[in-house]
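Let's take a walk through this fold, from its packed interior to the spaces left open in it. Have the model up on your screen as you read.

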Amino acid sequence: MKRTILLAISMACAVTLQAKTWTAQEVRDIVYKVNNTWQMNHDQERSFWDPAVYHTGNMEAFFTFGNLAWLEYSKQWADRNLWQGAREKDSSKWRYKQYGESMQHVLFGDWQICFQTYLDLNQVFPADYKVARAKEVMSFEADSKDADFWWWADALYMVMPVMTKMYCLTGDAKYLDKMYENWKYANSIMYDEETGLYFRDGKYVYPKHTTAAGKKDFWARGDGWVLAAFAKVLKDLPKNHKNRKEYLAFYKRQAAAVAACQQAEGYWTRSMLDPEQAPGRETSGTALFCYGLQWGINNGLLDAKTYQPVADKAWEYLATIALQPDGTVGYVQPIGEKAIPGQVVNQKSVTNFGTGAFLLAACEYYRHLKEK
């Protein structure tokens, strides 16, 4: 299986775009253009997952380039949202087992990703009020006897990095223990042993669900969340942690599977193994894959000879096709959970989370070029 996947990667890389040679300065300029364009044209939003993903990208841009205006933008967002996610005070009313946007869904991962940015902001200018709600909520979850919190693939990006950041803040291993328990549960309902990819959630597991052609249906953005989550977790997880080798093995296997189904133009189709299910360009999954792969290369965890051509093609797509002349990032599939036949995704398909994912990829690609 491994040999087959690597052969597919090699064949995919043989079809290359007429790529330009990028400089670190050019990528820096793109980050500035994209991020400044976004911030000039968008007011602060609630602390739910989609704006929160943008802020993970914004904070990555801040840590990469040190622009204090970007730091202030995320601080204003945190202030607007009182440094909280869902705001229900009574823990007996906290929910997570079904999707929900109510203030009672405190333990639902889409309301917890905001803590990534709050914890990052606290790292720059520490203050107890910035992390008080994160401590309250995530400590409650870590102490819970339940371990079924993450039942959809997106949750791995939304919350796994919160757990590692909570460990970095407190030094309490309970956050890493609960992260592992929740991840093992997620694997039990979404992970496909044959391919090394994740179904979006239990509804999409094969053969209960298939594409129109009867194939396994792996949603690119869903797997993008997972690969990016592994990168963020491995970045913060202690090098000698008992579960690190296991996370790393899953990350490497998923990276190989992802690379093998890249399209010639550099993007990934919304249904990864069945391009005809929803043909055409898509940016959010592509950006998350670019980030996840480039991080592994930059940190010596993925073989550069094998994977750098994949990351290069992904970046070429992001920088020359997804990026629009006005500084917006197009071809982002709207909020959803699957590849939808006939859904129109074009250069005007712009979202907060797609912009955040683009910034993650761009910053990591900048580091690659700067270190060359």
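Which residues does W183 touch, not counting residues up to four places away in sequence? They are W150, L156, M160, Y198, F230, E246, Y247 and F250, where contact means heavy atoms within 4.5 Å. Before going on, a word on the source: this is a predicted model, where local features need pLDDT of at least 70, side-chain atom pairs count only at pLDDT 80 or more, and totals for chains, interfaces and linings use all residues. Residues are numbered from 1 along each chain as its sequence is written, and side-chain values use heavy atoms, with hydrogens and water left out.

W183 also turns up, with W150 and W315, among the residues with the most contacts inside the largest nonpolar core, a set of 128 residues. Such a core is made of buried Ala, Val, Leu, Ile, Met, Phe, Trp, Tyr and Cys residues joined through side-chain atoms within 4.5 Å; buried means under 20% relative accessible area, exposed over 50%, and partly exposed in between (1.4 Å probe, protein chains only). Helix 13 (residues 352-371) gives the most to this core, with eleven residues. Helices here are DSSP runs of H or I, at least four residues long, numbered from the N terminus.

Now look at helix 3, residues 49-65. Its 17 residues reach 24 Å from first C-alpha to last, close to the 24 Å expected (1.5 Å times one less than the number of residues). Since 16 of the 17 are buried, helix 3 is largely enclosed by the rest of the structure. Right after it comes G66, with a positive phi near 75 degrees.

Helix 3 also helps line two empty spaces. One is the largest cavity, about 50 Å³ in volume, to whose lining helix 3 gives the most, with three residues. That lining includes W38, Y54, H55 and N352. The other is the largest pocket, at about 330 Å³. Of its 16 lining residues, F63, D120, Q123, K165 and D236 lie nearest the centre. On a 1 Å grid over the protein atoms alone, a cavity is a set of points where a 1.4 Å probe fits but cannot get out, while a pocket is an open set with protein on both sides within 12 Å along at least five of seven lines; lining residues have an atom within 4 Å of a point. Volume is the space filled by probe spheres set on the points, which are joined across faces, edges and corners.
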